[in-house]
Amino acid sequence: MKVNDVTTYEVEGPVAVVTLNSPPVNALSAAVRQGIADGLKMALEDDDVRAMVLICEGRTFFAGADITEFGKPTVDPSLRDLQLMVENAAKPVIATIHGTALGGGLELALVAHYRIAVPSAKCGLPEVNLGLLPGAGGTQRLPRIVGIPKALDLITSGAPVSAKAAKDMGLVDELAAEGHLRADAIAFANRVIDENRPLLKVRDRAEKLDEARGKPEIFADFRKANARRFRGFKAPEAIIRCIEATLEDKSFDEGMAFERALFIELQADSQSAAQRHIFFAERQAGKIVGIPADTPILPIRKVGVIGAGTMGGGIAMSFANAGIPVTLVDTSDDALSRGLRIIRGNYEATAKKGRMKAEDVDARMALLTGSVRMEDLSDCDLIIEAVFEQMEIKQEVFAKLDRIAKPGAILATNTSYLDLDEIASATSRPTSVVGLHFFSPAHVMKLLEVVRGKETRADIIATSMKLAKTLGKIGVLVGNAFGFVGNRILAARDAQANRLILEGATPEAVDKVLYDFGFPMGHFQMRDLVGLDVGWNREKSSSSTVREILNEMGRHGQKVGGGFYDYDESRNRKPSPVVQKVIEDFAAKQGIVRRELGDAEIRDRILYAMVNEGAKLLDEGIASRASDIDVILITGYGWPKYEGGPMFWADLQGMPQVIEKLNSLQAEYGDAFVPSPLIKRLASEGKGFRDA
Ligand code: T1G
């Protein structure tokens, strides 16, 4: 029978089955919570019922609290109230898991008396990814089942575990047969009844906690080992403190109150708002403005990659990792065998770290075929070039591809800056040409900028965006303009950083400001890592910038032991007096009078220049959403996730402050800070980028 719009109630013998169906992920919305409460009440009041199975239809068990309800008044029953009803039920409740039991979903399962799952199910507490902690007892119950060390790992990483692993650690009591979850859950419930099994409450268990008593080093060592990973984030430390509380002289309920207090603090913090913003922004980015959702997706069964260098090799690995065969082409056997050797080395290193099985290395390599003939790409559904970043070379490759590739093949360029339409003009099929801008290392970095040319067909755009998901990446559709979105904003940062060191800041001062803001490394450290000679032309170099001078001195970056910094053999960097002199001499030649620059000025000039450039990209239609820019800067450029991306960060400052800052910076430092028309409009309308 129907309990409410999302809940049904059935009885099979002595077992009540309460089924929830609230697409897309059975998030624990008010209706879902009410349905479970009503279903439980019916089971408890039905004398013929002796146990209750709680199960979901659709793709998954409860995937957590309903994030869209955050910030709104809680509608009863709250999740915690519902948990108390389940935990104190006079009849056994069996949580029945498929898909993903995540966050509040798993926390609800933890107050059930037993848990059964299909082998393909996963369980996790991913709240940390939203800048939160499990706010419904996860930090108090999970340690009581799996022990402190495992709980610290699982909750601060947010990583899900398989049903098998969950069973091994006691998180799940039974494994059902795949596809037989409901039947097996009812059979299990009957066994619980027949064996008169107790009403187990996780809150009453202490044996796992006892293993950690008197060992404060567990927490000290954990904090130390993860300091780098947690740097700047508030949620991980709050989680650790909640787990520590399970060993303190607190009752379970006092522990729950402690957890609640910290949860409320985190939920109100801008870090969580930023990470929830990104959660939805990543999903929004996959929805393509102006292209129907039912646009056909072309099959990608075989891929060709041209160029076996760093980028080409990484791109080939991305496809092999997704099980898609790749033919990797380079001009010489030497270049090809070197490229394949590096790929194998990468896989072996991953296997050595235990992140893939040793036998999978050969399986992945078997998907990669090397060739020195582009003609061998004639049967590929998609061909991606990753050759030298020079227009003439790219056009030559595309002209040849045009003759070789089968009709309907997608022709993609991995160019970072060059004009996609100009590349496409070298072919007779510009509608089949698209930009797939991978980020180095391509087999690791999640971001994929999908660049649409003026003639790129809709189905090729839709296929490219779907391909990003297939590769486990986040695809963001961008327009064709210099640097597309990410590199264009990086160029704005570059311009300010280079100007700042001429005016008196040192490279390390600029880098420290960015590192302290939350970037994984500073601007000049990043430049040295990538290589100062990327895009540098030796023949044309004329000492016109500090970077050209450093290249002319052979200071190409970390790889040669010196760039903006000096590096020792372990690649530890230190400021370079030689570079400092180059900077000062160059500034003198430019007639720049150097002065003391404070951190605030460094930060404002860099961050507001990036925000302004982002707004210009929106004005020009190169980026279609402000949130797309945030996804790109966080996923591809290390903008700290807890600051939400440049456009979210600007909204946090408030548009009036943004325009005031830009106007004052413009007065001092010129055109880079002329507020974009969009910023002027939003400021005048009292709006933010969230409304753009
Ligand atoms: N609430 C609301 N909507 C959600 C949601 C959620 N928890 N999870 C997903 N969606 C939407 C998502 O926005 C998208 O919408 C659609 O579902 C499909 O998602 C008290 C406080 C479950 C692994 O963090 O990890 O519990 O774009 O594209 O790739 O302690 O969604 O279609 O309109 O991601 O198959 C904790 C978050 C919440 C889990 C499925 N739970 N979700 O992945 O689909 S906080 C989470 C996911 C909490 C408690 C605390 C994934 C997924 P639309 P999708 P997918």
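Tyr114 and Phe188 are both buried, a term reserved here for residues under 20% relative accessible area (1.4 Å probe, protein chains only). The model is predicted, with local features requiring pLDDT of at least 70 and side-chain atom pairs pLDDT 80 or more, while totals for chains, interfaces and linings use all residues. Residues are numbered from 1 along each chain as its sequence is written, and side-chain values rest on heavy atoms, without hydrogens and water.

The rings of Tyr114 and Phe188 make an edge-to-face aromatic pair, 5.9 Å centre to centre with 80° between the planes; rings of Phe, Tyr and Trp (its six-membered ring) pair if their centres lie within 6.5 Å, and planes over 60 degrees apart count as edge-to-face. Tyr114 belongs to strand S7 (residues 114-117) and Phe188 to helix H7 (residues 181-194), 74 residues apart; helices (H or I, at least four residues) and strands (E, at least two) are DSSP runs numbered from the N terminus.

A second edge-to-face pair joins Phe517 and Trp649, at 6.2 Å centre to centre and 90° between the planes. Phe517 sits in helix H20 (residues 507-517) and Trp649 in helix H26 (residues 646-653), so this pair ties together parts 132 residues apart in sequence. Phe517 counts as buried at 6% relative accessibility, and Trp649 is buried at 3% relative accessible area. Both rings belong to one aromatic cluster with Phe519, Tyr608 and Trp639.

Turning to helix packing, Leu490, Arg493, Asp494, Ala497, Asn498 and Ile501 in H19 meet His523, Phe524, Met526 and Arg527 in H21, where contact means heavy atoms within 4.5 Å.

Notes. Phe/Tyr/Trp six-rings, centres within 6.5 Å; stacked < 30°, edge-to-face > 60°. Buried < 20%, exposed > 50% of the residue type's maximum accessible area, 1.4 Å probe, protein only.
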